[in-house]
Amino acid sequence: MNHKNVLVVENSILDAILIKEAFNHKGIPCNVHLAQSGKEAMEFFKEQGLTLFSNSLDLVLINEELIQLGEVDLIASIKEKAATMVPIIVLTDTKDQSQQSQVPGANSYLAKPLEVTDFVNMINKVKNYWLEVAC
């Protein structure tokens with residue numbers, strides 16, 4: 001079975017660990033790459049040689065706080081560098097669903113649950129939908 005490649009751009013180390021564990025827990029095998037900032041995410045692209053001609057990224061999860069990298073929109077930059085349509089999920093601490101329209105280019109916008117089991121269940125649903133159903 002082919003491993004799926006997931007990039008997680010998350011500045012909360014605890015959330016990043018939970019996300020990584022959820023993606024690596026049974027089911028689809030995943031290589032989860034962590035970046036703690038937009039700058040690290042762009043360095044990941046550079047190091048991996050991800051360009052319009054590569055097709056090695058299957059899903060991106062980004063903490064809403066990290067979307068803007070100075071004057072650069074991280075989502076737009078990722079979509080520009082990816083060879084195919086890479087689903088981008090924005091994770092937020094807010095429950096306000098009206099902010100979804102404020103994140104152009106995102107495929108989904110999810111509020112992080114406060115409970116660990118709910119958080120892991122949400123990530124498992126993301127994994128199953130975006131890496132099995134929608135792909």
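Select helix H1 and turn to the side where Leu14 and Glu21 lie: both residues are exposed, that is, over 50% relative accessible area, whereas buried means under 20% and partly exposed in between (1.4 Å probe, protein chains only). Helices (H or I, at least four residues) and strands (E, at least two) are DSSP runs, numbered from the N terminus. The model is predicted, so local features need pLDDT of at least 70 and side-chain atom pairs count only at pLDDT 80 or more, while totals for chains, interfaces and linings use all residues. Residues are numbered from 1 along each chain as its sequence is written, and side-chain values use heavy atoms, leaving out hydrogens and water.

Next, select Asp15, Ala16, Ile19, Ala22 and Phe23, the buried residues of H1. They cover an arc of only 130° around the axis, which puts them on the same side of H1; the arc is that of the directions from the helix axis to the C-beta atoms. An α-helix has 3.6 residues a turn, so residues three or four places apart point the same way.

Now show what surrounds this side. The buried residues of H1 pack against strands S1 (4-9), S2 (30-35), S3 (59-63) and S6 (88-92), and against helix H4 (116-133); contact means heavy atoms within 4.5 Å.

Then select lysine 112, and with it glutamate 10. These two form a salt bridge, with the closest N and O atoms 3.0 Å apart; the term requires a side-chain nitrogen of Lys or Arg within 4 Å of a carboxyl oxygen of Asp or Glu. Lysine 112 lies in the loop between strand S7 (108-111) and H4, and glutamate 10 in the loop between S1 and H1, so the pair ties together parts that are 102 residues apart in sequence.

Add aspartate 15, whose side chain meets that of lysine 112 in a salt bridge (2.8 Å, N to O). Aspartate 15 lies in helix H1, so this pair ties together parts that are 97 residues apart in sequence.

Add aspartate 93, which also meets lysine 112 in a salt bridge (3.8 Å, N to O). Aspartate 93 is exposed, at 52% relative accessible area, whereas lysine 112 is buried, at 5%. Glu10, Asp15, Asp93 and Lys112 are thus displayed together as a network of salt bridges.

Finally, select tyrosine 129 and tryptophan 130. They form an edge-to-face aromatic pair, 5.0 Å centre to centre with 90° between the planes; rings of Phe, Tyr and Trp (its six-membered ring) pair if their centres lie within 6.5 Å, and planes under 30 degrees apart count as stacked, over 60 as edge-to-face and the rest as tilted.
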